[in-house]
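Here are some exercises to work through with the model open beside you. Try each task before you read its solution.

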Amino acid sequence: MACLDKATPFALWLPAFPKLGKLFSLTTINCPCHYDKRKPNYKCKHWLLPTKAVYTGGLSASKLGGRREKLEPETDPISMLNERIRRDYGKRDAFSRQVIDSKEADKYIQMVKEQQQRGLRKLKGEREGKEGGVFNYKVDPYTLQRGDYVVHKKVGIGRFVGIKFDLRKDSTEPIEYVFIEYADGMAKLPVKQASRMLYRYYLPNETKKPRTLSKLGDPSAWERRKTKGRVAIQKMVVDLMELYLDRLKQRRPPYPKSPAMAEFTAQFPYEPTPDQKQAFLDVEKDLTKRETPMDRLICGDVGFGKTEVALRAIFCVISAGKQAMVLAPTIVLAKQHFDVIWERFSKYPNIKVGLLSRFQTRAEKEEYLDMIRDGHLDIIVGTHSLLGNRVVYNNLGLLVVDEEQRFGVKQKEKIASFKTSVDVLTLSATPIPRTLYLALTGFRDASLIATPPPERVPIKTHLSSYSKEKVISAINYELDRGGQVFYVLPRIKGLEEVMDFLEQSFPDVEIAIAHGKQYSKQLEETMEKFARGEIKILLCTNIVESGLDIQNANTIIIQDVQHFGLAQLYQLRGRVGRADKEAHAHLYYPDKSLLSDQALERLAALEECKDLGQGFQLAERDMGIRGFGTIFGEQQTGDVGNVGIDLFFEMLFESLSKVDEHCVVSVPYHLVEIDMNINPHLPSEYINYLENPIEIINKAEEAAEKGIWNLMQFTENLRRQYGKEPYSMEILLKKLYVRRMAADLGISRIYAQGKMVGMRTTMSKRVFELMTDSMTSDIHRNSLVFEKDQIKAELLLELPREQLLNWIFQCFAELHASLPALIKY
């Protein structure tokens, strides 16, 4: 661009940009320097850009000419903010998360709160300790044992030492104190106070040992951990809110009630349990009375009748001329579902059922794919292959997902994409704590089947050291009564050695091996023979963990039990006891001296929970997180380790009960005012290097107006094409970021008066406190004060305007980081 001898209004030179000429006055200034591409000179201040520029939108590589310069990893504030935006929002969230309509949100939040309160009221009869409308997970100090880890709400994680009498200060009468060991000393507190402040400490990985004990002399470290847990909880609650608000916007006509449904339900050979009946009613109401797609979780113990609920839903949808897909995590489980569905629908010749699996030839698969696409196959059963791009459905109405938590991330995302267009029924045998279920009734459509069928007999659990004599005795007992045996090992490696031992001990008995690395046909034939009773002992890995239903197999032997998690053991134990015979689960460990204290504790817990339905009692302890993951997704469960499960759940219930207080009302980007005289001057050589600076600045404005994700993409693309920008361009970008973040935070005006920075805002004090609590910088947090509709920051000294903008940018970046934990109107 030519240098001019005198100041010239830039708008006169840009007839193609009338809009830009109105937005801001651009002036070129006499510049003696020239641009050398080999050695850029950024010291010249060539352009004056008033900071009213506003924009959002991506900057495509094709439109940005010029030389590509590969950027080194950046550590400047903008790069750090971009990295956080990418991590927190992600591509899916960036485009799917929309600002919620306030009227719609208020209506739904009120409905959630009402259902939430009903759920919490039910808890009164199940567990004592309800304070102020929030469910209480506190522990009775007298139930603690020496060495147990506990959480004090204000101090943190410690180790329980004991309870003994001691004298109070200024008193001659002794009272009982709880003694707790911390990293830097011993604390004692009266038993009454302890009962109000202490929680047990459990972790998601089924161990009770924390990473470190808290320090009495550093309560701020514990507060930071607790805040991290609180923010994680808020994010979960908001994710649920946004997911279900989005689902409520979807529409489909209710399914008609089929006259043939009564005949179909009459084929069920058992008397439904009360919980089953309720689940039937819940699903029927979802399908026939609602206009929004169903997304219901059916949670129940193994063998409690979840499949029948799914069969009735399938019949309802098929009767209306739609297709149904049944998705299972393993081919073994898919084959079992196919057999059950095929037998149940065999009386209806017009309904076609198909199994798509890797066992089929290419020609068979192609035939099935054609039938699915043409609508000639009504019920399709299979594994994740059903989610592939080659499977095109003619008129899909229902997706049934069994054990969703066992699918991979990509499969889960694909399943989630179905939820906006078809009805989804998820079956889970993973126990969910009843308290958690009741607390979440406002968010998740869930039916809990906790009542065992009347003919079911409790499983007898035997925990002991391994010996060949014990194994032979247990197998002989089962074979003598005409039954079959599961023999489970943690790894494929030891199967052959055990096979040799079994063949020598039982030479006349049919024995087979099953594991996931076998050829598909071989595995299928083995499982079918075992199901038919031809194989008496099935030597296998935990491939049989979920769903397999063999009525005649009522003894399971689990060797090297120390290598299994508590949740796995519970699921494996559920493979037996599916009929009216008494079932036995034999759990063998090699030597107690080889087991850790944690392993022994969780095995003892499993042995204690012998009664049917006590999976839920067990779940409320070590296995709570598995059910937690089923509802929230495994990604968030790691945050529980900061405070332990019990305090985490109590904080969750508190957050749920105050969900309407965690809302932020954004303001339109173009209404945000920055009343600060900041005019960055861009170097002429950088202007020349950009080749089309007006278009780039215009795109920057458009990007900022669309959203923070778009602005992040613009900045990264700009740097990818032209390298790191000079300081004056960085200031211009920071001003765009500040204005964008202010709009998201509900801040409509930013101004400076001496050492004070003021911000006019629509946020509540509660939201302000949540945001500042989650800030990592003490300097920024301690400087902010909330006054009515203003946030004010008192600085130590008056800063130059550009330094002040840098301070505001850093402060806003921290406040903005808390947005995923808030409902955005």
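## Exercise 1: a residue in the core

L656 is buried, its relative accessible area being 0% (buried means under 20%, exposed over 50% and partly exposed in between, with a 1.4 Å probe and protein chains only). This is a predicted model, in which local features need pLDDT of at least 70 and side-chain atom pairs count only at pLDDT 80 or more, while totals for chains, interfaces and linings use all residues. Residues are numbered from 1 along each chain as its sequence is written, and side-chain values use heavy atoms, with hydrogens and water left out.

Task: place L656 in its helix and relate L656 to I233.

Solution. Start with the element: L656 belongs to helix 20 (residues 645-657); helices (H or I, at least four residues) and strands (E, at least two) are DSSP runs numbered from the N terminus. Next, look along the chain: I233 lies 423 residues away from L656, yet their C-alpha atoms are separated by 9.2 Å. Finally, widen the view: of the 825 residues of the protein, 55% count as buried.

## Exercise 2: checking helix lengths

Task: compare the span of helix 22 with the expected one, then do likewise for helix 10.

Solution. The expected span is 1.5 Å times one less than the number of residues. Helix 22 (residues 693-706) has 14 residues and reaches 20 Å between its first and last C-alpha, close to the expected 20 Å. For helix 10 (residues 362-374), the 13 residues should span 18 Å, and the end C-alpha atoms are indeed 18 Å apart. Just after helix 10, G375 has a positive phi of about 80°. Back in helix 22, the buried residues include I694, I696, I697 and K699.

## Exercise 3: a helix pair

Task: describe how helix 23 packs against helix 24.

Solution. Two packed helices are described by the angle between their axes and the distance between the axes. The axes of helix 23 (residues 708-722) and helix 24 (residues 727-745) come within 10 Å and cross at roughly 165°. Helix 23 is therefore roughly antiparallel to helix 24 (an angle over 145 degrees). Now list the contacts, meaning heavy atoms within 4.5 Å: residues of helix 23 including L711, F714 and L718 meet a set in helix 24 that includes L733, Y737 and M741.

## Exercise 4: confidence

Task: find where pLDDT stays under 50.

Solution. The average pLDDT (the predictor's confidence in each residue, from 0 to 100) is 78. Residues 91-97 stay under 50, as do residues 610-630. Where pLDDT is low, the predicted coordinates should not be read in detail.

Note on methods
Axes are lines fitted to C-alpha atoms, for helices over the stretch in contact, and angles run from 0 to 180 degrees between N-to-C directions. Angles under 35 degrees count as roughly parallel, over 145 as roughly antiparallel, 65 to 115 as roughly perpendicular and the rest as oblique.
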